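These entries record what I looked up in one structure. I began with the overall make-up and then turned to particular side chains.

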Amino acid sequence: MGTMITIEKEFDLFTKDDVLPGSHNDNFTGKWVVLDMKTSLENHWMKVEFANKLNQLYFASSGFGCDPNKMGRKIFGVFASDFDNGYITCREEILGIAKPETIEEWKRLHPEVADHIEKIEKQER
């Protein structure tokens, strides 16, 4: 647990407090999720320079991994920071569904890309 606190403080990351309680077990399809940078860093799926709040918000659009009851693991979607279409390898990389106030904080912290939220939602729905 101490390592997690260090990583979160060092990189100023969103945490489990920034997602809807229990939402890690929900279906992610069509939802904004918060990536777990701790897991991504520990497993070398993410470069250290990308471990920040800007890169933690992800719109999950499809994939068997969106549904906790499916055997598949991949979650396809779009990163809010740069419109990059990609996939998340597995659910373990996701903290849960972002709280509305987390999305608002993200917009406030990154006004230069705040309009990406609405654009991605329109594009994906």
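The entries below go from the whole chain to single residues.

**Entry 1: overall make-up.** I noted at the outset that this is a predicted model. I then looked up the secondary structure and found four helices and five strands in the protein. Read from the N terminus, the order of the elements is α-β-α-β-β-β-β-α-α.

**Entry 2: burial, surface and contacts.** The protein has 125 residues, and I recorded 46% of them as buried. For the accessible surface I obtained about 7000 Å², with 53% of it belonging to carbon and sulfur atoms. I also looked at contacts with a separation of 6 or more; residues 24 or more positions apart account for 65% of these.

**Entry 3: aromatic pairs.** I asked how many aromatic pairs the structure holds. The count is three, and I examined two of them in turn.

One of them joins tryptophan 32 and phenylalanine 59, whose ring centres are 5.1 Å apart. Their planes stand at 70°, and planes over 60 degrees apart count as edge-to-face, so I entered the pair as edge-to-face. The pair links distant parts of the chain, since tryptophan 32 belongs to strand β1 (residues 31–35) and phenylalanine 59 to strand β2 (residues 57–62), 27 residues apart.

Are these two rings buried or exposed? Tryptophan 32 has a relative accessible area of 4% and is buried. Phenylalanine 59, with a relative accessible area of 1%, is buried as well.

I next recorded the pair of tyrosine 58 and phenylalanine 79, which is edge-to-face with 4.8 Å centre to centre and 65° between the planes. This pair also links distant parts of the chain: tyrosine 58 lies in strand β2 and phenylalanine 79 in strand β3 (residues 75–79), 21 residues apart. I found both tyrosine 58 and phenylalanine 79 buried.

**Entry 4: the hairpin of β3 and β4.** I followed β3 to its partner, strand β4 (residues 85–88), and found the two paired in the antiparallel sense over four bridges. Across this pairing, phenylalanine 76 stands opposite tyrosine 87 in β4. Five residues lie between the strands of the hairpin, where phenylalanine 83 takes a positive phi near 65°.

**Entry 5: charges over rings.** Which charged end sits over the ring of tyrosine 87? I found that of lysine 74 there, 4.3 Å from the ring centre. I made a second entry of this kind for arginine 91, whose charged end sits over the ring of phenylalanine 28, 4.0 Å from its centre.

Definitions and conventions. Residues numbered from 1 in each chain as written. Predicted model: local features only at pLDDT ≥ 70, side-chain atom pairs only at ≥ 80, totals over all residues. Heavy atoms only, no water. Buried < 20%, exposed > 50% of the residue type's maximum accessible area, 1.4 Å probe, protein only. Contact = heavy atoms within 4.5 Å. Areas by Shrake-Rupley, 256 points an atom, 1.4 Å probe, with all protein chains shown as cover. Phe/Tyr/Trp six-rings, centres within 6.5 Å; stacked < 30°, edge-to-face > 60°. Lys NZ or Arg CZ within 6 Å of the ring centre and 35° of its normal. Pairing = 2+ DSSP bridges.
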